[in-house]
Amino acid sequence: DGCGHTILGPESGTLASINYPQTSPNSTVCEWEIRVKPGQRIQLKFGDFDIDDSDSCHSSYLRVHNGIGPTRTEIGKYCGFGFQMDGLITSKSNEVTVQFMSGTHTSGRGFLAAYSTTDKSDLITCLDNASHFSEPEFNKYCPAGCVIPFADISGTIPHGYRDSSSLCMAGVHAGVVSNTLGGQINVVISKGIPRYEGSLANNVTSKVEQLSASLFTFKTSGCYGTLGMESGVIPDSQITASSILEWSNQTGQVNIWKPGNARLKRVGPPWAAFISDEHQWLQIDLNKEKKITGIITTGSTLAEYYYYVSAYRILYSNDAQKWTVYREAGMDKDKIFQGNTELYQEVRNNFIPPIIARFFRINPLKWHQKIAMKVELLGCQFSIGRAPKITMPPPPQNKNDDKSDDFSDDFIHSVKTSLQTDKTTFTPEIKNTTVTRSVTKDVALAAVLVPVLVMVFTTLILILVCAWHWRNRKKKTEGTYDLPYWDRAGWWKGMKQFLPTKSAEHEETPVRYSSSEISHLRPREVPAMLQTESAEYAQPLVGGIVGTLHQRSTFKPEEGKEASYANLDPYSSPIQEVYHAYAEPLPITGPEYATPIIMDMSSHPSTPLGVPSISTFKAAGNQAPPLAGTHNKLLSRTDSASSAQVLYDTPKGQPGPGAAAELVYQVPQSLAHSAGSKDE
């Protein structure tokens, strides 16, 4: 009565003491007799060992024997709290007896061990998890019987399992190994995720857990795709059933829960049998032989109809006449699959080994209220490899016909011999869809390097472009009298008047001279400076072209002989200090508007007549020596309030001509009037 969890498979298994991992009861005993195929030997590995050794292994111990029965021989006797056994216990034959004795004690969990044939050198136990191994990828052999109630797993496929999960139990949940057979697993470690979902699969329930440092997944054959129930690739005509539930609701509407409704995740009612008994079935025709590796089922998915199938069998056939009940390898009993525990949850079951068939049938054995379900099949295409077609080359041309006939006979005989001896079929090549660790590292490295290189090249290009712009800007700003940074925008606006414009109506934006720089210059440098510096009041027409006369100006050109730059001597003029190349601000007690300087347009025949030139200055009186300009002559203002040289209109709103300081002057009506005034 001292036997605990026990699964003894043909090649591997798991055994534990009663009540493990709790304290085993007193005065109990259990013996396990393990047999494998003749010619093989058995190896035993302990996952946990905690047996009271207070009496030096007298009443509580674990003993391992070679052989079974009276002829068995002892391999070893073991006891101790937290006893660590690094190596494996290996038998000399294909039979082993394990005996557990529990005497009087107060503590001790007992033990848990796994066994396999000696050709499985990488055997682990059901208690091993991913954190026990430092390799990023490794292969291990899981024994049978690792679905144990005292181990937990978190996660699901394809997202992965938490690193604290039992490797072998997770392998059963993922459908990689069978609980009754065990098998090889290929584990890949990767970075953890914030949340691990739970699900029910292969009679193993995974729990919902939170973030972990790492997770693990399994390399598989990749044959786990859906076969067409949900997507509709399998038409309704290929889905049949033993019976169909038909019923009318209170409004008299007929509801038919036909087999075509048995599609996973399809909105609406499921398939339901008219009679609920163990003889009902749902059949799916795949149209040709396929490799079926699993099935997913749900209940009715309708809250008002709490129907689902809790257990079922699987049958398969290639002609829909002769059916075979699915059994696991080496088992003589039909495999009973656990179904749903409620109507919504998706439950997955895998077939190890897979089913190769065209027709697939589900036979419900247990259900809740009524037989109703939706399904999806997992698997992939299956094709048997064919021998390559051999084309016999033409025999060599030879004058000797007998030799040619002999050659043909020998060749045909060799071909027949090769075809007769090569009777094995080619196994289908199943590609692995899981990325290996090395490939994952390369992909991760490329994902890091590519953005970095792009950023580096982009930065270099931006630096070159900025340097080019800075160089061009520096060249443009080189000169004797460079403008300060804050005056360059105004300088450009002031320079626009030197360029031809489309319309004479465009108004000029006032700009300013840098008077601080002019004050530091020598007197002979003033005229040149005035040609380049911005005016504080109005922009003079200096060094301009004929087209510049189209612009509006407040300056009046000198009448008569044009002055040249040679005549510009600021010391030769007795009243140099009161004449400027721009209009001066009006005194506080003076008129409201400045005196305009009139431009002589007679020397520019290309200038169209009638172009108004608005001015806010008073009429000019005595002329002053010009200071700058090749085509334009500048006149200064005088205190005279009236001049016979220019005709001005009477300002609007005034009764007539009055005091000069009270009038607002406008531009002469035409240049011809100005010329006529001069003649008079």
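Colleague: In this predicted model, which residue does glutamate 95 meet in a salt bridge?

Modeller: Glutamate 95 pairs with arginine 35, side chain to side chain, at 3.3 Å from N to O. That contact ties distant parts of the chain together: glutamate 95 sits in strand E8 (residues 95-102) and arginine 35 in strand E3 (residues 28-35), 60 residues apart.

Colleague: What's the general idea behind such a pair?

Modeller: Side chains with opposite charge can pair once their charged atoms come close. Here the cut-off is a Lys or Arg side-chain nitrogen within 4 Å of an Asp or Glu carboxyl oxygen, and by that rule the count is 15 salt bridges.

Colleague: Back to the pair you began with. How accessible is glutamate 95, and how accessible is arginine 35?

Modeller: Glutamate 95 has a relative accessible area of 24%, so it's partly exposed. Arginine 35 is also partly exposed, at 48%.

Colleague: And which residue does glutamate 74 form a salt bridge with?

Modeller: Arginine 63, with the closest N and O atoms 3.2 Å apart. This one again links distant parts of the chain, with glutamate 74 in strand E6 (residues 73-78) and arginine 63 in strand E5 (residues 61-66), 11 residues apart.

Colleague: Is arginine 63 buried or exposed?

Modeller: Buried means under 20%, so arginine 63 counts as buried at 18%. Glutamate 74 is partly exposed, at 45%.

Colleague: Where does lysine 335 fit in?

Modeller: Its side chain meets that of glutamate 328 in a salt bridge, 3.7 Å from N to O. Lysine 335 is partly exposed at 26%, whereas glutamate 328 is buried at 12%.

Colleague: Which residues do shared partners join into one network?

Modeller: Glu11, Asp119 and Lys120.

Methods: Residues numbered from 1 in each chain as written. Predicted model: local features only at pLDDT ≥ 70, side-chain atom pairs only at ≥ 80, totals over all residues. Heavy atoms only, no water. Helix = DSSP H or I, 4+ residues; strand = E, 2+ residues; numbered from the N terminus. Buried < 20%, exposed > 50% of the residue type's maximum accessible area, 1.4 Å probe, protein only.
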